[in-house]
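This report goes through a single model, starting from one side chain and moving on to helices, cores and pockets.

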Amino acid sequence: MSRVFVASLVLSHFRSHRRARLTLDGRPVALFGPNGAGKTNLMEAVSLLSPGRGLRRAASDDIIRRPQEIGWKVSAEIEGPGIGHEIALTAEPSQPRATQIDGKTAPQLALAKLLRIVWLVPSQDRLWMEGADGRRRFLDRITLSFLPDHAEAVLTYEKAMRERNRLLKDDIRDPAWYRALEAQMAEAGVRIVTGREEALKRIASAQDGAATAFPAADLSIEVETPCHTIVEFEAAFADSRPRDIVAGRTLVGPHRADMTAIYRDKGVAAKQCSTGEQKALLISLILANARALKSETGTAPLVLLDEVAAHLDANRRAALFDEICALEAQAWMTGTGPDLFAELGQRAQHFEVLEGAEGSIVDEATPS
């Protein structure tokens with residue numbers, strides 16, 4: 001088996017799960033049960049095996065199971081060709097999340113080098129209609145999947161920008177106060193821009209010529225002041241200081257970029273497409289992301305698809321499952337009933353998630 005996958009997942013006091021244990025063999029994972037039973041909570045736990053705040057972008061304290069509030073833990077065993085790792089994530093009340101890899105404390109960013117994860121959740125359905133923030137996060141998740149060091153560049157840039165914004169709000173006008181911070185932002189900015197553009201090239205390549213039931217999207221990045229070198233960034237920051245001081249924040253840089261998409265076959269902007277077309281475009285991008293990663297690394301990433309099956313007709317749902325199985329990806333999918341995953345049959349592991357008196361209950365099920 002060429003895939004990298006979660007071989008076991010154990011949750012303790014994680015949202016609705018007082019305790020849950022799943023033993024997995026690398027096949028796709030179908031989670032079904034009524035709304036509110038705790039399906040997405042399992043998927044969220046998996047998403048935390050990558051850097052960041054997971055698919056819900058939740059703070060650690062928001063994840064703690066109520067009413068106990070004694071902290072939470074996620075343990076996972078990762079297996080793949082020639083590799084095996086144990087990951088443990090813990091968080092005590094009012095404390096930041098702690099990460100251990102193979103029993104040793106590790107920075108969160110180290111997770112990106114062990115496991116690649118891509119996801120699509122219902123909150124992203126309006127990605128093309130809402131603000132640029134969500135599209136930038138989507139783009140940065142794609143970039144991180146290809147370039148694990150991208151997260152470090154983003155964190156470095158944002159930290160320096162916060163310091164610069166404090167100077168702007170305090171009406172500091174002496175250029176000497178800004179130069180060191182702007183140099184950090186410029187160096188990180190070049191890495192961010194280069195990484196994003198490289199990620200879009202890889203997505204485009206993965207879409208070209210792919211036989212898929214989902215439409216291709218042509219992606220591009222829009223920014224008011226395009227910069228690609230340290231010198232260009234430093235000049236842009238310096239030139240923008242007067243208006244930045246008036247605004248009290250930094251108005252140029254990669255944090256102001258936007259991602260646009262065109263439905264290739266129709267030549268129509270994604271924001272002008274129907275709801276169904278917009279969903280199909282998002283699925284297409286996630287699948288292209290997974291294909292590109294497999295092409296480059298030899299193994300497919302984990303693919304998390306929350307409530308995706310309910311929004312597809314039977315033919316497209318079957319096509320999605322076929323593509324996932326062809327990728328050899330351990331895809332985690334949620335739905336309200338087992339019938340949504342009938343086309344998968346024995347190609348997947350099926351788990352029923354129910355709401356019990358003491359929390360969510362997870363049982364492996366046999367597909368009909």
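Which residues does Trp128 touch, not counting residues up to four places away in sequence? The model is predicted, and in it Trp128 touches Arg135, Leu219, Met259, Thr260, Ala261, Ala270, Lys271, Gln278, Leu282 and Leu285. A second, separate core of 41 residues includes Val29, Ile63, Ile78 and Val121.

Trp128 belongs to the largest nonpolar core, which has 50 residues; Trp128, Leu219, Leu305, Leu320 and Phe341 have the most contacts inside it. Helix H7 gives the most to this core, with eleven residues. In general, nonpolar side chains of soluble globular proteins tend to be buried together.

Helix H7 covers residues 275-297 and reaches 33 Å from its first C-alpha to its last, close to the 33 Å expected. Because 17 of its 23 residues are buried, H7 is largely enclosed by the rest of the structure. Gly298, just after H7, takes a positive phi of about 90°.

Two pockets are compared below.

| Pocket | Volume | Lining residues | Largest share of lining |
|---|---|---|---|
| Largest | about 1300 Å³ | 45 residues | H3, nine residues |
| Second largest | about 220 Å³ | 15 residues | H5, four residues |

Closest to the centre of the largest pocket are Arg57, Arg137, Asp140, Arg141 and Glu158. By class, its lining has 20 nonpolar, ten polar and 15 charged residues. In the second largest pocket, Val193, Glu197, Ile221, Val223 and His228 are the closest to the centre. The lining there has ten nonpolar, three polar and two charged residues. Helix H5 and strand S9 (217-222) each supply at least two residues of that lining.

Conventions:
Residues are numbered from 1 along each chain as its sequence is written. This is a predicted model: local features need pLDDT of at least 70, side-chain atom pairs count only at pLDDT 80 or more; totals for chains, interfaces and linings use all residues. Side-chain values use heavy atoms; hydrogens and water are left out. The expected span of a helix is 1.5 Å times one less than its number of residues. Buried means under 20% relative accessible area, exposed over 50%, partly exposed in between (1.4 Å probe, protein chains only). A nonpolar core is a set of buried Ala, Val, Leu, Ile, Met, Phe, Trp, Tyr and Cys residues joined through side-chain atoms within 4.5 Å. Contact means heavy atoms within 4.5 Å. On a 1 Å grid over the protein atoms alone, a cavity is a set of points where a 1.4 Å probe fits but cannot get out, and a pocket is an open set with protein on both sides within 12 Å along at least five of seven lines; lining residues have an atom within 4 Å of a point. Grid points are joined across faces, edges and corners, and a volume is the space filled by probe spheres set on the points. Ala, Val, Leu, Ile, Met, Phe, Trp, Tyr, Cys and Pro count as nonpolar, Asp, Glu, Lys and Arg as charged, and the others, Gly among them, as polar.
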